[in-house]
Amino acid sequence: QALQEAGVTRYYHTEVQKIAAHAIEVNGETVRYDMVCDCRGPDAEDDLPQLRGVRGELLHVIAPDVKLRRPVRMMHPRYPLYIVPREDDRYVIGATKIESSDRSEISVRATLELLSAAYALHPGFAEARIIETNTHCRPAWRDNLPYLEYQPGLVRINGMYRHGFLIAPALCEVMTQKICGHEPEGAAARLIRIDGRRAYDEVDG
């Protein structure tokens, strides 16, 4: 609602053909902007050839016999996973990490591994009902660190790997500093590769 009141035009389910400084091409039409922010994830691989996809699979289950209140991170020696509780006895169990850009349906092996690890964590998952599965690819660079590239009229953010929701606020802060003409600073700026380098690369030599 706030965006609508500010006069922002939104496009849903729209394929982007090309991105450039100050411009986005959609449906054969070039639309001009003051600033373009490219955060397409793995779909930007044509413009960022060093980007790779890391396949991730997860399950949604209903498990009334499990009473977890907070997210759990299980460092299983073979199947490290997380379990996130949702409303109405629903849990998200994930996620695999496979070096592949394949986005097809979840595999039998991944399903067995995730459910076996969940059952090892809590026997109440034995009678859980699988209600949904998801598969997608995480965008990642060779060092698995996020990357921000800036030029007038265009900023690219990508490569957040498995940590998108956790580091998105820090990335937005660094991006804002860069767009406003300030040199990014703070802990996040030391970890994120900005325009091809990280702050501590110069310190560490």
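## Two sheets, a kinked helix and two domains

Valine 16 has valine 26, in strand S2, as its bridge partner. That contact is a handy way into this structure, which is a predicted model: local features are reported for pLDDT of at least 70, side-chain atom pairs count only at pLDDT 80 or more, and totals for chains, interfaces and linings use all residues. Residues are numbered from 1 along each chain as its sequence is written, and side-chain values use heavy atoms, with hydrogens and water left out. Helices (H or I, at least four residues) and strands (E, at least two) are DSSP runs numbered from the N terminus.

**The three-stranded sheet.** The valine pair belongs to S1 and S2 (residues 23-26), which pair in the antiparallel sense over four bridges; strands count as paired if DSSP finds at least two bridges between them. The open sheet they sit in has three strands in the order S1-S2-S3, and the pairing is antiparallel. S1 (16-20) and S3 (29-32) are at the edges with a single partner strand each, so one side of each has no neighbour in the sheet. On average, neighbouring strands here are turned by 20° against each other, direction ignored. As general background, strands of a sheet pair through backbone hydrogen bonds, either parallel or antiparallel.

**The four-stranded sheet.** Further along there is another open sheet, with four strands in the order S4-S11-S10-S12 and mixed pairing. Its edge strands are S4 (36-38) and S12 (193-194), each pairing on one side only. S10 (residues 147-151) and S11 (residues 154-158) are antiparallel and share five bridges. Helix H3 packs on this sheet and touches S4, S10, S11 and S12 (contact means heavy atoms within 4.5 Å). The direction of H3 makes about 20° with that of S10; axes are lines fitted to C-alpha atoms, for helices over the stretch in contact, and angles run from 0 to 180 degrees between N-to-C directions.

If you want to trace the register of S10 against S11, tyrosine 150 has valine 155 as its bridge partner, and glutamine 151 stands opposite leucine 154. The two strands form a hairpin with two residues between them. On the S12 side, S10 and S12 run parallel and are joined by two bridges, with tyrosine 147 opposite arginine 193.

**Helix H3 itself.** H3 covers residues 164-179 and has a kink of about 25° centred on alanine 170. The bend at a residue is the angle between axes fitted to the seven residues ending there and the seven starting there. Leu171, Val174, Met175, Gln177 and Lys178 of H3 are buried (under 20% relative accessible area; exposed is over 50%, partly exposed in between, using a 1.4 Å probe and protein chains only).

**Positive phi angles.** Here are some backbone spots to look up. Histidine 22 and aspartate 88 are listed even though neither is a glycine.

| Residue | Phi | Place |
|---|---|---|
| Histidine 22 | about 70° | loop between S1 and S2 |
| Aspartate 88 | about 60° | loop between S7 (81-85) and S8 |
| Glycine 153 | about 90° | turn of the S10 and S11 hairpin |
| Glycine 181 | near 85° | follows H3 |

Histidine 22 is partly exposed, with a relative accessible area of 29%, while aspartate 88 counts as exposed at 69%. One more backbone feature: the peptide bond from glycine 94 to alanine 95 is cis, with omega near -15°. Alanine 95 is in the loop between S8 (90-94) and helix H2 (108-121).

**Glycine 56.** This glycine lies in strand S5 (residues 52-62) and counts as buried at 12% relative accessibility. Leaving aside residues up to four places away in sequence, glycine 56 touches Thr96, Asn134, Thr135, His136 and Arg138. Its C-alpha atom is 9.4 Å from that of alanine 110, 54 residues apart along the chain.

**Where the domains meet.** The protein chain is divided into domain 1 (1-51 + 143-190) and domain 2 (52-140), with bounds from an automatic or database domain assignment. Their C-alpha centres lie 29 Å apart. The contact takes 11 residues from domain 1 and 10 residues from domain 2. Between them the domains bury about 1000 Å², 49% of it on carbon and sulfur atoms; buried area is the accessible area (1.4 Å probe) that two parts lose on being put together, summed over both. Pro42, Tyr161 and Arg162 supply 63% of the area that domain 1 buries against domain 2, more than any other three residues.
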